[in-house]
Amino acid sequence: MQVSIERHTDAKHLNAILNHPDVYPFVRGPLEGKLDLSPQVDSGFVVPLLGEHGGQVYQMLQPGIWEAHSQFTPKGRGEWALEATRKSLHWMFTHSDAIEILTRCPTLPSKALAKGIFGTFE
């Protein structure tokens, strides 16, 4: 299984993943209509690390503290998502000021992903 992720400096690929019909219901929140995270990506406080089927978007909460938001299309769920997540975490800890990364796990798949990377729960 070949998994590669890269930092995206514009929101084009991220928006395509977020608006995918199997992802959109889980990420849209109370919003209606197509999502466009261009302003957030352009702000410099958001780092999208994505591969072909999805990945993480890291949002700076304060210097050194980031929050991860994961999104994967159906083809990228499971082992592919686990490997992509490992790679994106490695990137964040070696290419940014990250000393702590937090995430929220509102669904069973998100909890499984967090357990797969040996995340701790509080």
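Start by selecting Thr 73, which sits in the loop between strand 4 and helix 4 (helices, H or I, of at least four residues and strands, E, of at least two are DSSP runs, numbered from the N terminus). Thr 73 is buried, at 11% relative accessibility (buried means under 20% relative accessible area, exposed over 50%, and partly exposed in between, with a 1.4 Å probe and protein chains only). Now show what surrounds Thr 73: setting aside residues up to four places away in sequence, Thr 73 touches Ile 17, His 20, Val 23 and His 53 (contact means heavy atoms within 4.5 Å).

A word on what you are looking at: this is a predicted model, in which local features need pLDDT of at least 70, side-chain atom pairs count only at pLDDT 80 or more, and totals for chains, interfaces and linings use all residues. Residues are numbered from 1 along each chain as its sequence is written, and side-chain values use heavy atoms, with hydrogens and water left out.

**Into helix 4**

Next, click on Thr 85, in helix 4. Is Thr 85 buried or exposed? Thr 85 counts as buried, at 4% relative accessibility. Leaving out neighbours within four places in sequence, the contacts of Thr 85 are Gln 56, Phe 72, Leu 113 and Ile 117.

Stay in helix 4 and select Thr 94. Here the relative accessibility is 45%, so Thr 94 counts as partly exposed. If you like, draw a distance from Thr 94 to Ala 112: the two are 18 residues apart along the chain, and their C-alpha atoms are separated by 25 Å.

**The salt bridges**

How many salt bridges does a search of the whole structure find? The search finds 3 (a salt bridge is a side-chain nitrogen of Lys or Arg within 4 Å of a carboxyl oxygen of Asp or Glu). Let's visit each in turn.

While helix 4 is on screen, show the side chains of Arg 86 and Glu 83. They form a salt bridge, with the closest N and O atoms 3.7 Å apart. Both residues lie in helix 4 (residues 79–95), 3 residues apart, and so about one helical turn separates them. Arg 86 is partly exposed at 40% relative accessible area, and Glu 83 is also partly exposed, at 25%.

Now select Arg 104 and Glu 67, whose side chains meet in a salt bridge at 2.6 Å, N to O. Arg 104 is in the loop between strand 5 (100–103) and helix 5 (108–116), while Glu 67 is in strand 4 (residues 65–72), so this pair ties together parts that are 37 residues apart in sequence. Try a surface view on this pair: Arg 104 is exposed, at 63% relative accessibility, whereas Glu 67 is buried, at 7%.

For the remaining stop, pick Glu 32 and Arg 28. Their closest N and O atoms are 3.1 Å apart in a salt bridge. Glu 32 is exposed, with 67% relative accessibility, and Arg 28 is partly exposed, with 26%.

**A lysine in a loop**

From Glu 32, move along to Lys 34, in the loop between helix 2 (24–27) and helix 3 (38–42). Lys 34 is exposed, at 75% relative accessibility. Add His 13 to the selection: Lys 34 and His 13 are 21 residues apart in sequence, and 14 Å separates their C-alpha atoms in space.

**Zooming out**

Finally, switch to a cartoon of the whole chain and colour it from the N terminus. You should find 5 helices and 5 strands, in the order β-α-α-α-β-β-β-α-β-α. The radius of gyration is 13 Å, close to the 14 Å of the globule rule for 122 residues, so the chain is as compact as a globular protein of that length (the radius is taken over C-alpha atoms, and the rule is 2.2 Å times the number of residues to the power 0.38). Along its principal axes, the C-alpha trace spans about 35 × 30 × 30 Å.

Colour by burial, and buried residues make up 40% of the 122 residues. Turn on contacts as well: among those between residues at least 6 apart in sequence, 56% join residues at least 24 apart.
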